[in-house]
Amino acid sequence: MANKFREKPIEEQPATRPEEETKPAAEIVVEVQNVTEENESNEESKGAKTVAKVLGGDILADKMVLRQIPLLLLCLACLLVVIANRYHVEKISRDKQDTEVRINFLREHRIQMQKQYQQSIKISQIAEDLSGSGVGITAGPPYEIEK
């Protein structure tokens with residue numbers, strides 16, 4: 001398949017450069033010094049401009065900042081999730097401590113109730129309770145009373 005595009009002939013550039021103005025070295029040094037002085041003064045004014053931009057809010061309208069808004073919103077959302085999660089965990093830990101205190105109280109209460117129950121079912125305690133009503137404890141095995 002033949003290439004249907006033809007190559008254009010390369011135009012030859014003139015071998016000689018147009019004559020430039022030649023300046024003495026002293027003039028070039030003076031120009032370089034002027035440029036460096038301008039750059040230094042520009043850097044100082046850039047610092048002042050940056051502070052003015054930050055205080056004035058112009059920096060928020062910069063393209064670089066505007067492109068980063070979605071990332072900043074994502075970071076803010078993640079930060080809110082972390083804070084909410086921390087409060088949730090603290091609430092759960094407080095509830096756990098309250099539940100442990102309640103469990104300990106109920107365990108102690110159960111032990112006291114068992115002691116009182118064991119005291120009340122002792123034979124000597126039963127005998128004391130029945131002696132006031134005139135019924136006594138038999139020494140022998142139980143038997144059926146005939147009518």
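**View 1. Tyr87 on helix 3 is exposed at 56% relative accessibility.** In this predicted model, local features need pLDDT of at least 70, side-chain atom pairs count only at pLDDT 80 or more, and totals for chains, interfaces and linings use all residues. Residues are numbered from 1 along each chain as its sequence is written, and side-chain values use heavy atoms, leaving out hydrogens and water. Tyr87 counts as exposed because its relative accessibility is 56% (exposed is over 50% relative accessible area, buried is under 20%, partly exposed lies in between; 1.4 Å probe, protein chains only). Tyr87 sits in helix 3 (helices are DSSP runs of H or I, at least four residues; strands are runs of E, at least two; both are numbered from the N terminus).

**View 2. A nonpolar patch includes Tyr87.** Its members are Leu66, Ile69, Leu73, Leu76, Leu79, Leu80, Ile83 and Tyr87. Together they offer about 780 Å² of accessible area (Shrake-Rupley method, 1.4 Å probe; for residues, only the protein chains shown count as cover). Helix 3, residues 69-120, supplies the largest share of the patch, with 7 residues. Patch residues have over 30% relative accessible area and no salt bridge; nonpolar side chains (Val, Leu, Ile, Met, Phe, Trp, Tyr) are joined within 5 Å, like charges within 9 Å.

**View 3. Arg86 and Glu90 form a salt bridge.** Side chains of opposite charge can pair when their charged atoms come close. Here the N to O distance is 3.4 Å (a salt bridge needs a side-chain nitrogen of Lys or Arg within 4 Å of a carboxyl oxygen of Asp or Glu). By this rule, the count is 1 salt bridge. Arg86 and Glu90 lie 4 residues apart in helix 3, so about one helical turn separates them. Arg86 is exposed, at 59% relative accessibility. Glu90 is partly exposed, at 30%.

**View 4. Cys75 and Cys78 are not bonded to each other.** The sulfur of Cys75 has its closest cysteine sulfur in Cys78, 6.5 Å away, too far for a bond. The same distance holds from the Cys78 side, where Cys75 has the closest sulfur. A disulfide needs a pair of cysteine sulfur atoms within 2.5 Å. The whole structure contains 0 disulfides. Cys75 is partly exposed, with 45% relative accessible area. Cys78 is also partly exposed, at 43%.

**View 5. Gln125 lies in helix 4.** Helix 4 covers residues 123-131. Gln125 is partly exposed, with a relative accessible area of 29%. Gln125 touches Gln119 and Ser120, leaving aside residues up to four places away in sequence (contact means heavy atoms within 4.5 Å).

**View 6. The whole protein has 4 helices and 0 strands.** Along the sequence the pattern reads α-α-α-α. Of its 147 residues, 0% count as buried. The accessible surface comes to about 15,200 Å², with 59% of it on carbon and sulfur atoms. Mean pLDDT is 78, and 65% of residues reach 70 or more (pLDDT is the predictor's confidence in each residue, from 0 to 100). Confidence is lowest in helix 1, residues 25-56, at a mean of 67. Confidence is highest in helix 3, at 95.
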